[in-house]
Amino acid sequence: MRLYEYEAKEIVSKYGIPVPHGRIASTPVKAEEISRELGAVVVKAQVLVGRRGLAGGVLAAETPGEAREAASKLLGSSIRGFPVEMVLVEEKVCFEKEYYLSLTVDRSNRSYVFLVSPLGGVEIEELVREHPDKLLRIYFPVLTGYQPYMSRTAAKFLGLPREYWRDLHVIMQGMYRIMRDLDADLVEFNPLAYKCGGGLIALDAKITIDDNSLYRHPELAGKHGRELSPLEARAKELGFSYVELDGDIGVICNGAGLTMATMDMILYYGGKPANFLDIGGGASRDRVREAVKLVLSNPKVKVLLLNIFGGITRCDEVAWGVVEAFKESDRRIPVVVRMLGTNEEEGRRILEEHGYKVYTEADEAVRKAVELSRSER
Amino acid sequence: MVLITRNTGVLIQGITGREGRFHTKLMLEYGTRILAGVTPGKGGLEVHGVPVYDTIHEALKHHPDISASIVFVPARFALDAVLEAISNGLKLIVVITEGIPLHDELLFVYYAKTRGTIIIGPNTPGIMVPGEAKLGIMPAHVFVKGRIGLVSRSGTLTYEVARELGKLGYGVSTVIGLGGDPITGLNFIEAYDLFMKDPDTDAVVLIGEIGGDAEERFAAYYSRLNRKKPVVAYVAGKTAPPGKRMGHAGAIISMGIGDYKSKRNSLERAGIPVADTPSQVPRLLSHVLG
């Protein structure tokens, strides 16, 4: 789960990491008021997507009037599909250099890793791809935790003057404590700036929390789901894994790997999946019914494809779920079902009695769904 | 066979829960040598004839043959359960539990390495040697005994591939589910090394998915080997958008790492054929086996 920039900055400043003075505003008048206190400001849209700057979500304002204008431009607009409901109004900071600094989990090494680069402001994706020589990785295992040599190593790599090594130590130690205290999987400053006249300050801050750990953080758990589309949020309530895509073949499977493989097969045979939906293991007919209704509620879906490999999941339960969903829904679209495994014969009988055709081979079913999606277009 | 045999003495952690109870029965039916179960506070009970103890320490006193455990305990108690198993000297721990906090996984996976314990999972269907033993939740009938090693980050997709293999007469020597989380006890390199040493395995089928760089690292490792067994791969997630978690906690393209193209290119450059669909796997396998 991702936190808003202003939430992340509230947290990091509690850990002694310097951030610009600023406050949150949800009206242009409020933004003007804050700017009157702070002088020249930067007005930043608060949205839970990356590359906000490139999308015009960050505006500079020299006067309170300009701050009001900037805020009214941003508030109510949308950035990459996300409505802007708040802006962060922050003092403008004069800086000489921008660095990249983050702490995250390295999957292959099963350890923590600090990522350090003198190329601040560049997205980490681009750093990894285009400037691998300008990116330092400092790995450390969970049992040793953070040690000061890490910040000395980073400071040397960045060419930071010696009198600021201590400041970097405080920042990196704070990042590690945030990581552990909040069960974060990313703490990122991009950029961390070297101010005119000296000193370090985090101009942007991003924290993401490990979803599996949210039960340990009731104060954060309520924020979960804010970055989801309405359908994704509904799916989350129902306990499904659901991701919206832009095709027209609705997909329902059991198991994440099988769901992805089914989406890929749709593409391979020339179609486009409308979603990822994994009903998980051992789904009851009620859950299947809700899953089908959820996919049907997406108007872009022209064909529904179910691909079920029954292990703990029982085919007869899936079959009843499909039948009941269409009884309760007004939408009539072609349905292709492939099912196999536990209680397969019973599942097939139920569906065939209700006029559905059931396939045994995945390839055959996917090809049929793609063909139907073409004729529905 | 790899890691387990019909003689492996097995402990079930979380045996009295719904999942633990259900799968204990299925594993017993398959012939797995289950000696004991542990659920704190439930010592003295029996589940399907298996005695239940409060602690692993006590279970080991009565059943010194136990060398492996399979964990069904809920996510928030998993760290405690896995550390208990490692500390009591168990050599193999299969962690079925899904949704374990990331930092807990980092801790027990690291500790297991220092103690020489092998962890399979978390969030895995488990491990199975057809005809010998099953420490997991996979539907047993899908896996026919044979000479292909199967290693996967996924569950039902593995069943699908095993079924496709069976259609061309290929059976499975051992199937290992690495697990769907970002941090797992075994990776593709370590699993391949086990198959390399296994006289019952002629070739390996690797089932990967988007997220992380385990497939890329395996490809780099494999291309440096002098002696090797043939490998065929399938990777799921070509159509997955970046930044979205595709069901598994580990199946996410983040910070520019983990997309399909990079995995496929790396594997193919290492001489490993990559199937476009699960149904193509057996054909590619018949090519590499000649």
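A cavity here is a set of points on a 1 Å grid over the protein atoms alone where a 1.4 Å probe fits but cannot get out, and lining residues have an atom within 4 Å of a point. Grid points are joined across faces, edges and corners, and a volume is the space filled by probe spheres set on the points.

The model is predicted: local features need pLDDT of at least 70, side-chain atom pairs count only at pLDDT 80 or more, and totals for chains, interfaces and linings use all residues. Residues are numbered from 1 along each chain as its sequence is written, chains are lettered from A and ligands numbered from 1 in the order in which they are written, and side-chain values use heavy atoms, with hydrogens and water left out.

**Exercise 1. Find the cavity of 30 Å³ or more and describe its lining.**

Step 1. Rolling a probe the size of a water molecule over the atoms shows where empty space is left. The count comes to 1 cavity of 30 Å³ or more. The volume of the largest cavity is about 70 Å³.

Step 2. List the lining. From chain A come A:Asp264, A:Leu267 and A:Tyr268. From chain B come B:Tyr234, B:Val235, B:Lys238, B:Tyr260, B:Arg264, B:Ala275 and B:Asp276.

Step 3. Assign the lining to elements. Helices (H or I, at least four residues) and strands (E, at least two) are DSSP runs, numbered from the N terminus. At least two lining residues each come from helix 9 (256-268) of chain A, strand 13 (231-236) of chain B and helix 8 (260-269) of chain B. Helix 9 of chain A gives the most, with 3 residues.

Step 4. Sort by type. Ala, Val, Leu, Ile, Met, Phe, Trp, Tyr, Cys and Pro count as nonpolar, Asp, Glu, Lys and Arg as charged, and the others, Gly among them, as polar. The lining has 6 nonpolar, no polar and 4 charged residues.

**Exercise 2. Describe the overall build of chain A, then the setting of strand 16 (residues 303-310).**

Step 1. Chain A has 13 helices and 18 strands. Its C-alpha atoms fill a box of roughly 80 × 50 × 40 Å along the principal axes. The bounds of its domains, which come from an automatic or database domain assignment, are 21-91 for domain 1, 95-221 for domain 2 and 230-376 for domain 3. The centres of domain 1 and domain 3 of chain A, taken over C-alpha atoms, are separated by 43 Å.

Step 2. Check burial. Buried means under 20% relative accessible area, exposed over 50%, and partly exposed in between (1.4 Å probe, protein chains only). Of the 377 residues of chain A, 55% count as buried. In strand 16 of chain A, 8 of the 8 residues are buried, so the strand is largely enclosed by the rest of the structure.

Step 3. Separate the faces. In a regular strand the side chains alternate between the two faces of the sheet. A:Val303, A:Leu305, A:Asn307 and A:Phe309 point one way, while A:Leu304, A:Leu306, A:Ile308 and A:Gly310 point the other way.

Step 4. Find the neighbours. Two strands pair if DSSP finds at least two bridges between them. Strand 14 (residues 249-253) of chain A runs parallel to strand 16 of chain A and is joined to it by 5 bridges, with A:Gly250 partnered by A:Leu304. Strand 17 (residues 335-341) of chain A also runs parallel to strand 16 of chain A, through 7 bridges, and here A:Asn307 stands opposite A:Arg338.

Step 5. Name the crossover. Strand 16, helix 11 (residues 315-328) and strand 17 of chain A make a right-handed β-α-β unit. Right-handed means that, with the strands pointing away from the viewer, the path from the first strand over the helix to the second runs clockwise.

**Exercise 3. Which strands of the 7-stranded open sheet of chain B stand at the edges?**

Step 1. The strand order is 3-4-2-1-5-6-7, with mixed pairing.

Step 2. Strand 3 (46-47) and strand 7 (118-120) of chain B stand at the edges with a single partner strand each, so one side of each is left without a neighbour in the sheet.

Step 3. Strand 7 of chain B pairs with strand 6 (residues 92-95) of chain B in the parallel sense over 3 bridges. Across this pair, B:Ile93 stands opposite B:Ile119.

Conventions
On a 1 Å grid over the protein atoms alone, a cavity is a set of points where a 1.4 Å probe fits but cannot get out, and a pocket is an open set with protein on both sides within 12 Å along at least five of seven lines; lining residues have an atom within 4 Å of a point.
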